[in-house]
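Trainee: I would like to go through this structure and check what each label rests on.
Mentor: Go ahead; ask about one label at a time.

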There are 2 protein chains.
Amino acid sequence: MIIDVHGHYTTAPPQLAEWRRRQIASAGTPFTDKLSISDDEIRHTVGDGQLRLQKERGTDVTFFSPTAGGMAHHYGDETTSQQWTRTVNDLIHRVCTLFPGNFVGVCQLPQSPGVSPANCVQELERCVEEYGFVGCNLNPDPSDGYWTGPPLTDRFWYPLYEKMVELEVPAMIHVSMSCNPNFHGTGAHYLNGDTSAFMQLVLGDLFRDFPTLKFVIPHGGGAVPYHWGRYRGIAQDAHRPPIDELLNNVFFDTCVYHYAGVRLLVEVVGADNVIFASEMIGAVRGVDSRTGHYFDDTKRYVDAIPDLSETEQAKIYEGNARRVYPRLSRVLAALPR
Amino acid sequence: MIIDVHGHYTTAPPQLAEWRRRQIASAGTPFTDKLSISDDEIRHTVGDGQLRLQKERGTDVTFFSPTAGGMAHHYGDETTSQQWTRTVNDLIHRVCTLFPGNFVGVCQLPQSPGVSPANCVQELERCVEEYGFVGCNLNPDPSDGYWTGPPLTDRFWYPLYEKMVELEVPAMIHVSMSCNPNFHGTGAHYLNGDTSAFMQLVLGDLFRDFPTLKFVIPHGGGAVPYHWGRYRGIAQDAHRPPIDELLNNVFFDTCVYHYAGVRLLVEVVGADNVIFASEMIGAVRGVDSRTGHYFDDTKRYVDAIPDLSETEQAKIYEGNARRVYPRLSRVLAALPR
């Protein structure tokens, strides 16, 4: 089985963006518009998108979450974020229900700049316990490009971590859109978020307080595996534990869109900490004119690594996902055969 | 000849930091303290530091600039930055004069948040024309961690670029310290700065306006070469020119502190656009207990690439530096034999 732990519903029908536009415009006043999307519209947008690519590429299950750039936690206030988050998580649940086995839910959290992440606990519980979601996306920068909140190792975040641990739900550390003209969203802010988060973990003692807390850093860990020696050296200079110790709790996905990058990722980090993912349909949608293949068809890069054993490949494609997301196997086992 | 284009005077005598501390404390009022450092102190701090390592590692010339983290352009106001910049550039000139041929100067610029970089023109001219410096360090984020200014492609920066082109002086795009608790300096802010700068260049038409302007992106280009496919794909999706076109103007240094990273850099970017550098003595100062070698002894990694031809290696070690920094050969030729 091949499990892709990083997919977003980027192809939702236009009513969603319209609804959101009106919701943002009305921020601060009650907003009661109903979002109306039919099952057929969902079937169509997914069936001709993520599901088709899943079949074409030969993967089996995709973790599905709301569009990362669309989380946009800085808009409006906490109420805005709560309403938007419930709405898009409901939509993800509908996708997973319409395509059981093909998609497994991962939720957005109703974060808001300056607001305690304790406000995310209820929505996380709802998605996990009522909807059977297996993970969440945690935005390390709810300001969306200005990084005005505390690092992930701050106690500010602990109420959320406590619930994640209790529910056995990992977080993908995933920034959202960038309002900062210096940071292109998918070409800078995303990778900077990944890099910054990892370095925060190097400096903090978060996993001493939460030994079973698990984070997936997407986009191949931003700059981290490419600079693995730098991180080993900075940790050593700073008398921190070796960064290998983080590998009990931190995993990297394979959303790196060329062979040399994926090869380095697996070589440096090791097969135990790499989890297959493509982010399709996401940051890069085109076909590489040099190869005739989609840039984000990351399975091709993993398959091309010559010295990867079958056991290692099975970890990257399936075993690590089942290990890091313990609810996954229960969700899959509960499906009708 | 082996030229290292990225070295900082991180070992300056303590009087410098003391002077700077007093200068910052007095910001807004006239500060006239004299910095007093003897030639012997300079000889000692460099001779036992960067010069010793240069000899041990078998490199010949190091581009020498003030400590990048110390530029700290956000302190005080423009006057503070001008005075500090002249002071540290003078010190670099003294190092280069005391060790002719071993060190070639690269200047700090007197940037200040919100102030036009036109204010850097005079100091750049002074360092290049009076001191024989061959390049400058350009901070894309003078706010030091909050990125409140415009991107590098904005016309805001053009007065400086005009002078750089006129003087045939490239810039290394190098952020300074981070005041933002989310961004560790050398472990996040530096790499994020590199990544963000490159993506700004992908989206802008800067080199149409300045066809001979040259930038070196340090630390192996941040996350960029590791995500080369992502950038190729984002450019294609956005109907931008292929990123290869940027390679007429953009170069990457080898400050990547493990073999797998340097190998990927050279493989992906190609030998024409990689320039040897170590950043010593800088971000990572320790010896890797696994190998017994300094993490930042990047020559070892370049030497270990098995399929690098002699011609390619000569480009990385010498040819590209001479090509990108046209003043270098003139400076070296003018030295007494």
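Trainee: In which strand of chain B does B:N137 lie?
Mentor: The model is a predicted one, and in it B:N137 belongs to strand 4 of chain B, residues 135-138.

Trainee: Why does B:N137 count as buried?
Mentor: Buried means under 20% relative accessible area. B:N137 has 2% relative accessibility, so the label applies.

Trainee: What makes the pair B:N137 and B:S65 a polar contact?
Mentor: The limit for the N or O atoms is 3.5 Å. The side chains of B:N137 and B:S65 are joined at 2.9 Å. Other residues in contact with B:N137, beyond its neighbours within four places in sequence, include B:H8, B:M71, B:V106 and B:M172.

Trainee: How do you know what relation holds between chain A and chain B?
Mentor: A turn of 180° with a shift of 0.0 Å along the axis lays chain A on chain B, and the RMSD is 0.0 Å. That is why the relation is called a two-fold axis. As for the surface used, 100% of the contact residues of chain A recur in chain B, so the same surface serves both copies.

Trainee: Which residue of chain A comes closest to the rotation axis?
Mentor: A:A223, with its C-alpha at 2.1 Å.

Trainee: How many residues does each chain bring to the contact?
Mentor: Chain A brings 60 residues and chain B brings 60 residues. Between them the two chains bury about 4800 Å², with 52% of that on carbon and sulfur atoms. On the side of chain A, the most area is lost by A:N182, A:Y226 and A:R230, together 18% of what that side buries.

Trainee: What makes A:D244 and B:R290 a salt bridge?
Mentor: The rule asks for a side-chain nitrogen of Lys or Arg within 4 Å of a carboxyl oxygen of Asp or Glu. For A:D244 and B:R290 the closest N and O atoms are 3.0 Å apart, and the pair qualifies. Across the interface of chain A and chain B the rule finds 8 salt bridges. Polar contacts between the chains come to 36 residue pairs, both residues being at pLDDT 80 or more.

Trainee: Which elements give two or more residues to the side of chain A that touches chain B?
Mentor: Helix 8 (185-203), helix 10 (228-237) and helix 11 (259-269) of chain A. Helix 8 gives the most, with 11 residues. By class, that side has 29 nonpolar, 21 polar and 10 charged residues.

Trainee: What kind of peptide bond joins A:M280 and A:I281?
Mentor: A cis bond, with omega about 0°. A:I281 sits in the loop between strand 8 (274-275) and helix 12 (298-304) of chain A. In chain B, B:M280 and B:I281 are also joined by a cis peptide bond, again with omega about 0°.

Trainee: Why single out such bonds, or a positive phi?
Mentor: Because most peptide bonds are trans, and most residues other than glycine have a negative phi.

Trainee: What is the phi of B:E168?
Mentor: About 60°, a positive value in a residue that is not a glycine. B:E168 is in the loop between helix 7 (158-167) and strand 5 (171-173) of chain B.

Trainee: Why is B:E168 called partly exposed, and B:H239 exposed?
Mentor: Exposed means over 50%, and partly exposed lies between that and the buried limit of 20%. B:E168 is at 38%, so it counts as partly exposed. B:H239 is at 75% and therefore counts as exposed. B:H239 also has a positive phi, about 55°.

Definitions and conventions: Residues are numbered from 1 along each chain as its sequence is written. Chains are lettered from A and ligands numbered from 1 in the order in which they are written. This is a predicted model: local features need pLDDT of at least 70, side-chain atom pairs count only at pLDDT 80 or more; totals for chains, interfaces and linings use all residues. Side-chain values use heavy atoms; hydrogens and water are left out. Copies are superposed by least squares on the C-alpha atoms of residues with pLDDT of at least 70 in both. Contact means heavy atoms within 4.5 Å. Helices (H or I, at least four residues) and strands (E, at least two) are DSSP runs, numbered from the N terminus. Buried means under 20% relative accessible area, exposed over 50%, partly exposed in between (1.4 Å probe, protein chains only). A polar contact is a pair of N or O atoms within 3.5 Å; within protein, one must be able to donate a hydrogen and the other to accept it, and residues adjacent in sequence count only if both atoms are side-chain atoms. Buried area is the accessible area (1.4 Å probe) that two parts lose on being put together, summed over both. Ala, Val, Leu, Ile, Met, Phe, Trp, Tyr, Cys and Pro count as nonpolar, Asp, Glu, Lys and Arg as charged, and the others, Gly among them, as polar.
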